[in-house]
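Trainee: Could you walk me through this one? I'd like to talk about charged pairs and helix packing.
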Amino acid sequence: MNYLSVENISKSFGARTLFEDISFGINKDQKIAFVAKNGTGKTTILKILMGEDYPDQGQVVIRKDIRVAFLAQEPNLQDELSIEQSIFASDNDILKIIEQYEKALENPEDQDAYQDAFEKMDAFNAWDFETQYKQILSKLKLDDLKLKVKNLSGGQKKRLALAIILINRPDLLILDEPTNHLDLEMIEWLENYFAKENITLFMVTHDRFFLERVCNEIVELDNGKIYQYKGNYSYYLEKKEERIASENASIDKAQNVLVKELSWMRRQPKARTTKSKSRIDDFYIIKEKAQSRRIEHQVELEINMERMGSKIVELHKLYKSFGDKTILEDFSYNFNKGERIGIIGKNGSGKSSFLNILTQIDQPDAGKVVVGETIKIGYYTQGGIHIKPEQKVIDVIKEFGEQIPLAKGRSISAAQLLERFLFDRKKQHDYVEKLSGGELKRLYLCTVLIQNPNFLILDEPTNDLDIVTLNVLESFLLDFPGCLVVVSHDRYFMDKIVDHLFIFRGDGIIEDFPGNYSDFRQYEDSVEPQKEEPKEKVNWKKKQESNGLSFQEQKELQKIEREMQKLQEAKKEIEHLFAHSTLNEQQIQEKSSKLEKILKDLEDKEMRWFELNEKIDQ
């Protein structure tokens, strides 16, 4: 059954065409993810679907008898209402049925109206409405029903907006970045809910785990055209790669044909007396095809990182509380070179407060933070870039200088740097307030990296970034040689770039877990049955006997094997330079010193690798 059809819609803003003549449909029980790069029209299409905007051409047809709901990135709630009042103030069909039934009770002489209202109460299971909405609010951790909207956090507002929609039980639910501002526990609950419920979904999301586990179809807007893939995210990646390879092969073939046809077209008219009109028409079709090779623009990230000394950042016996709420209690930690730490925990457990103390924006109640003299911190906050009135994009970067230094003594202009972050010359002179959410995040990331930090702190960096930009950011961070601290609810992102976690349990308790997020979930699931035993507290630090290694030693072994592989590759690269390149005396000395250090590191890691493997053999 078709719920919604998009028929040949187009949309432009001034001289800029977002999309043209695109069509697709949404059918019952489909769970569709809508994928596109930032600034190509994702949010505009969602607004058109909901009637908040209109296409320049074409139309959107929605089946008359279905209920459609929309979850926006920023919920539109009334500040002065409580959580419970917000439920009753919503445009909820069940509330209308209850109201109709109450009116029928006031007029018992109208038996037809009473019977109709009674049957609707049965059909919509409205008798238990109070129980239903309280259960959903409880699942979404909104237990204080009298709490006013104005006192809610961003995550709580998102959960309340979500609760209002789920209580209404729409036939079609349209969502714009549903996982933004939700903590990992809430995301996993929502993921499981959508995966098992018979609800039709159309969503924009960058959360690749969510895409993988919830969606059964991907609709992609790419270079102004719509492509549909009937499968999850892994299937989409595979088929998209095949599509692009096929398109490029077709373009190559067209270019070969074009060379011959161009020669024929250039002949004198007398030599072309027998040419047919259809062949001329075909020539222009071939020419268009041959010139249609896709131009892939990707963000180019580069940093001129300053050298790090032996002292990085030291945290000594930190205490911090807000009223009765304890954030940190006797917490100490010394950061080492190259550490990659992910921070996870429920909303309100103190993650952002911890980062503010780490960066010395806020002060602890007790204890101290010691930052090494060579450390330059780059802090990407949730708040994002501070927008000044009438400020243009290029002016934001020029505040850091007309010329921006890069690695190896190179430099580029502010305009060239912005082009690397996908702001073309025209876009650079737009006002900052006109940028989309993803473009603002990209500009903010540029302002953080432009300062060449060697200790990088990222608080929810993946919000509003498209998947292409996320992949580039991940690649950059994997090669980033400094220290990295990340707070993120993007599980795919965390798995890829961090090697251990700080887990904020609440009440000042922070655990250091030796692994990424999937390792942590696997461990938590393995000890879940034991959590029912109140007498014995589960602690990951207790050794698990598995092949003679503790859990921490297993993670250490995996890490050593990865590092040994990288060292072997670096060794081969230098040996290849010695064998096949002409190096001057200074270069030979530099490479020799580097090779000597690599061999020493490799020897140390091999010794530890043998020690751990001996335990396995015992």
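Mentor: Let me begin with a definition, that of burial: a residue counts as buried under 20% relative accessible area, as exposed over 50%, and as partly exposed in between. Please also keep in mind that this is a predicted model.

Trainee: Okay, so is Asp-56 buried, exposed or partly exposed?
Mentor: Asp-56 has a relative accessible area of 46%, and because the range between 20% and 50% counts as partly exposed, that is its class.

Trainee: And which residue does Asp-56 form a salt bridge with?
Mentor: Its partner is Lys-11, with the closest N and O atoms 3.9 Å apart. The two come from distant parts of the chain, since Asp-56 sits in the loop between helix 1 (42–49) and strand 4 (57–62), Lys-11 sits in strand 1 (residues 2–13), and 45 residues separate them. Lys-11, for its part, is buried, with a relative accessible area of 8%.

Trainee: How many salt bridges are there in the whole structure?
Mentor: A search of the whole structure gives 32. Another of them joins the side chains of Arg-213 and Glu-191, at 3.3 Å from N to O. This pair also links distant parts of the chain, with Arg-213 in helix 8 (residues 208–214) and Glu-191 in helix 7, 22 residues apart.

Trainee: Buried or exposed, those two?
Mentor: Arg-213 is partly exposed at 47% relative accessibility, whereas Glu-191 is buried at 5%.

Trainee: What about Arg-243, which residue does it meet in a salt bridge?
Mentor: Arg-243 meets Glu-220, with 3.3 Å from N to O. Arg-243 belongs to helix 9 (residues 233–265) and Glu-220 to strand 8 (residues 217–222), so the salt bridge ties together parts 23 residues apart in sequence. Arg-243 is buried, at 13% relative accessible area, and Glu-220 is buried as well, at 3%.

Trainee: Which residues do shared salt-bridge partners join into one network?
Mentor: That network consists of Glu-191, Asp-207, Arg-213 and Arg-491.

Trainee: Switching to helices: at what angle do helix 6 and helix 7 cross?
Mentor: The axes of helix 6 (residues 154–168) and helix 7 (residues 184–196) cross at roughly 15° and come within 13 Å of each other. Angles under 35 degrees count as roughly parallel, so helix 6 is roughly parallel to helix 7. The crossing is left-handed.

Trainee: Which residues make the contact?
Mentor: Helix 6 contributes Arg-159, Leu-162 and Leu-166, while helix 7 contributes Met-186, Trp-189, Leu-190, Tyr-193 and Phe-194. Sorted by class, the contact has seven nonpolar residues, one charged residue and no polar ones.

Key: Residues are numbered from 1 along each chain as its sequence is written. This is a predicted model: local features need pLDDT of at least 70, side-chain atom pairs count only at pLDDT 80 or more; totals for chains, interfaces and linings use all residues. Side-chain values use heavy atoms; hydrogens and water are left out. Axes are lines fitted to C-alpha atoms, for helices over the stretch in contact, and angles run from 0 to 180 degrees between N-to-C directions. Helices (H or I, at least four residues) and strands (E, at least two) are DSSP runs, numbered from the N terminus. Angles under 35 degrees count as roughly parallel, over 145 as roughly antiparallel, 65 to 115 as roughly perpendicular and the rest as oblique. A crossing is left-handed if the near helix is turned anticlockwise from the far one by less than a right angle, and right-handed if clockwise. Contact means heavy atoms within 4.5 Å. Ala, Val, Leu, Ile, Met, Phe, Trp, Tyr, Cys and Pro count as nonpolar, Asp, Glu, Lys and Arg as charged, and the others, Gly among them, as polar. A salt bridge is a side-chain nitrogen of Lys or Arg within 4 Å of a carboxyl oxygen of Asp or Glu. Buried means under 20% relative accessible area, exposed over 50%, partly exposed in between (1.4 Å probe, protein chains only).
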